[in-house]
Every structure is written in structure tokens, then in C-alpha cells.
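Student: I would like a close look at one part of this model, the place where two helices cross. Please also follow those helices to whatever else they touch.

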Amino acid sequence: MIQESAFNYDGDELEKHIDGFPDTTLLVVGDIIMDEYIWGDVSRISPEAPVPVVDVKQETRMLGGAANVLHNIVSLGGRCILCGVVGGDGTGKAVLERVRDLGCPTDGIVVDSERTTTIKTRIVAHNQQVVRFDRENRKAIGRDDTEKLLEFVSSMGSRLDGIVVADYGKGVITGSLMQGLREISHKSGIPLAVDPNTGNFEYYEGADIITPNHHEAGAFCRLEIVDEESLVRAGQDILQTLKCRSVLITQGKDGMTLFRQGGEIIHIPTVARKVFDVTGAGDTVISALSLGLASGMDLKSAAIISNLAAGIVVGEVGTSTVSAGELKRAIRSKLV
């Protein structure tokens with residue numbers, strides 16, 4: 001029932017599309033996060049409790065969530081505009097500064113003094129995450145913030161080649177916001193791609209493509225994806241229920257499977273040689289996929305390059321990005 005996809009594409013043709021990424025402009029809408037990492041070593045257990053004592057060596061901060069999608073798009077050579085909400089705090093200011101440092105505008109980012117900018121702090125020792133703690137406000141944004149976001153997106157419509165929704169369940173993506181984004185994408189004739197959050201699937205009806213992992217897909221369909229039969233059932237159920245054009249279910253070490261309305265089901269095996277950290281892998285998938293579609297790739301080709309990009313990023317510890325050069329080298333090594 002599922003067709004296995006071999007890497008038998010013309011590498012030169014794929015690279016030609018990648019060379020066109022700088023002429024492509026995507027707008028990313030979603031939850032903006034700051035990813036904080038505390039790096040160290042563990043050599044003993046605390047005498048106070050059965051927990052490791054981390055000897056801190058370094059601390060770093062990186063753009064996360066929708067902002068990491070932006071970072072991935074820019075790293076791949078595309079143009080990107082970020083749209084979301086940050087708090088009127090020091091972290092929010094730091095996010096704005098880092099977005100500007102990437103050469104991207106911040107006009108689409110609403111500063112709401114009543115919200116807290118989300119920070120995810122991960123403590124990592126010997127390349128293993130020990131614990132994570134979050135500081136955030138997950139309350140849905142209000143009508144005023146929603147209207148500001150939609151007004152901005154609407155004003156950008158003619159300049160965009162695609163809209164990417166990065167939903168982390170922190171309150172930015174709501175039913176009314178998604179309705180407005182659908183109307184704008186349909187009016188402008190540009191694709192609407194969604195990296196979903198488990199509790200918000202009903203918002204994504206009518207999207208061009210949705211990229212859940214197998215846990216998210218299974219949760220929405222109320223089944224556990226354990227084999228080909230349950231995978232096919234979940235993919236087809238999402239297509240039918242949400243009336244979206246396509247669904248790409250990512251399955252970690254088992255690759256990803258593409259479902260299309262009225263089309264064949266295509267499985268793309270993983271290309272990752274090593275998996276250190278899956279943090280940010282979903283961001284890389286939606287970024288490469290959306291850039292591919294916006295640059296003129298067919299859906300299957302765009303899914304293949306997103307799989308290659310994800311294979312690169314999971315080999316790194318911490319939120320990471322992929323460059324156009326790295327993606328081209330991966331194409332040359334696989335499409336032979």
C-alpha cells in the first residue's frame with residue numbers, strides 16, 4: 001500500500017531549486033521561544049538527593065520555536081519574516097535583537113507587556129540532556145494581538161511565496177488566527193504549511209500540508225502508530241477529517257511518510273547516520289519542505305530534501321540549523 005521512495009532524482013535539478021531559495025520569501029507565524037542551554041559535566045551524585053551534580057562549563061542561548069524555523073530558512077538561503085508575540089521583558093528584547101542580527105525584519109513581532117517570553121532551559125552533560133525547565137505563559141493571545149498579526153500578514157500577502165505556521169501550543173495559534181491565515185493564503189494563492197501541536201489539530205483544516213510526528217498524528221486519531229496499517233489509517237484519517245491537501249508524518253529513525261489527496265502514499269527512509277538530539281528537527285523539516293515548495297519543487301522532491309535536512313540536524317546536540325551547502329552535499333551523497 002505504501003510506495004518506498006528511492007533517491008533516484010536528478011541532483012542537479014534539486015540543487016537548482018536550492019539555488020533559487022534566495023529569491024523565495026516565507027512568512028513564519030507561531031510561538032517564539034528562546035532556547036537556553038547550560039552545558040557541563042557530571043562526576044558525582046548530590047549528597048542532598050539522588051540527582052547528578054552538574055559542573056557548569058558554558059551557557060548559550062539560541063532562537064527556538066517559530067524563531068528557529070526562521071533561523072533554518074535563513075540558513076538555507078531563503079528570505080523570511082517572523083510573525084508572533086513576545087513579552088515586554090529582557091528575553092523579548094534579546095529575541096528581537098537576534099532576529100535583526102539575521103538580517104530579518106521585526107515588524108511582524110508584537111510586544112505584549114502582559115505576556116512572558118517563553119524560555120526553555122536545558123541542562124546538558126556529556127552530550128545528554130539531564131533536565132529541562134520552562135518559563136512561559138500558554139494563555140491564548142487576545143483579540144487585539146490576533147488582529148495585529150493578521151493585519152501585518154495581510155499587508156505582506158503580495159510579497160510572500162508561502163506561509164508557515166509553527167505551533168508550539170504557547171497561545172499564539174488560535175482558531176481565529178488560523179481562519180485569517182487560510183483566507184490570506186487562498187486569496188494570495190500561496191501555500192499554507194503547518195507544523196502542528198497535538199491539542200490544536202482542528203485549527204488546521206484546509207491547510208496545504210501538515211507535518212505531524214507519529215506521536216502527534218496518533219494522538220489526534222486516537223490510535224497508536226505501531227505498523228504500516230496504523231500509519232496508513234492515521235494519515236488517511238487526517239486527510240479526510242481536516243480536508244488538507246497533504247500530510248507528511250515524520251517517524252524519527254523510521255523516516256517519514258507522505259500522504260496526498262487522491263495520490264499514492266510514499267515512504268521516505270531516514271538518512272540519519274547518527275542521532276544525538278532531535279531538538280529542532282521538526283523545525284528543519286517544515287523549513288526545508290516549505291522552501292522547496294515555494295521555489296517550485298514538486299511535493300515529493302520537497303519532502304526528500306526535508307528528510308535529508310533532518311538527517312543532518314539530528315546529528316548535532318542542541319537546536320541546530322542546516323545550510324544550503326550542507327544540504328547540497330547531502331543530495332550529492334545520496335542521489336547517486
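Tutor: The crossing of H8 and H9 is right-handed. The model is a predicted one, and the crossing can be followed in it residue by residue. H9 covers residues 299-313, and its axis comes within 8 Å of the axis of H8, at a crossing angle of roughly 150°. Angles over 145 degrees count as roughly antiparallel, so the pair falls in that class. On the H8 side the contact is made by Ala281, Thr284, Val285, Ala288, Leu289, Gly292 and Leu293. They meet Leu299, Ala302, Ala303, Ile305, Ser306, Ala309, Ala310 and Val313 in H9. Sorted by class, this contact has 12 nonpolar and three polar residues, and no charged ones.

H8 also packs against H2, which covers residues 66-75. Here the axes come within 9 Å and cross at roughly 50°, which makes H2 oblique to H8. This crossing, too, is right-handed. From H2, the residues in contact are Asn68, Val69, Asn72 and Ile73. Their partners in H8 are Asp283, Thr284, Ile286, Ser287 and Leu291. The contact of H2 with H8 contains four nonpolar, four polar and one charged residues. Thr284 deserves a second look, as this residue of H8 takes part in the contact with H9 and also in the contact with H2.

H8, which spans residues 281-294, also helps to line a cavity. This is the second largest cavity, holding about 40 Å³ of space. Its lining consists of Leu26, Gly162, Ile163, Val164, Pro191, Leu192, Ala193, Ser290 and Leu293. At least two of these residues come from each of H8, strand S9 (162-166) and strand S10 (192-195). S9 gives the most, with three residues. By class, the lining has seven nonpolar and two polar residues, and none that is charged. Leu293 links this cavity to the helix crossing: the residue belongs to the lining, and it is also in the contact of H8 with H9.

A search of the whole structure finds two cavities of 30 Å³ or more. The largest cavity holds about 90 Å³. It is lined by 13 residues, and those closest to its centre are Val85, Arg115, Thr116, Thr118 and Lys170. Two elements give two or more residues to this lining, namely strand S3 (32-45) and strand S5 (79-87). The largest share, three residues, is from S5. The classes are five nonpolar, five polar and three charged, whereas the lining of the second largest cavity has no charged residues.

One further helix pair can be set beside the two crossings of H8. H6 (residues 214-221) and H7 (residues 228-242) pack at about 60°, with axes 10 Å apart, and they are therefore oblique to each other. Their crossing is left-handed, while the crossing of H8 and H9 is right-handed. Ala217, Phe220 and Cys221 in H6 meet Ala234, Asp237, Ile238, Thr241 and Leu242 in H7. Six of these residues are nonpolar, one is polar and one is charged.

Technical notes: Residues numbered from 1 in each chain as written. Predicted model: local features only at pLDDT ≥ 70, side-chain atom pairs only at ≥ 80, totals over all residues. Heavy atoms only, no water. Axes fitted to C-alpha atoms, helices over the stretch in contact; angles between N-to-C directions. Helix = DSSP H or I, 4+ residues; strand = E, 2+ residues; numbered from the N terminus. Parallel < 35°, antiparallel > 145°, perpendicular 65-115°, else oblique. Left-handed = near helix turned anticlockwise from the far one by under 90°. Contact = heavy atoms within 4.5 Å. Nonpolar A, V, L, I, M, F, W, Y, C, P; charged D, E, K, R; others polar. 1 Å grid on protein atoms, 1.4 Å probe; cavity = no way out; pocket = protein on both sides within 12 Å on 5 of 7 lines; lining within 4 Å. Points joined across faces, edges and corners; volume = space filled by probe spheres on them.
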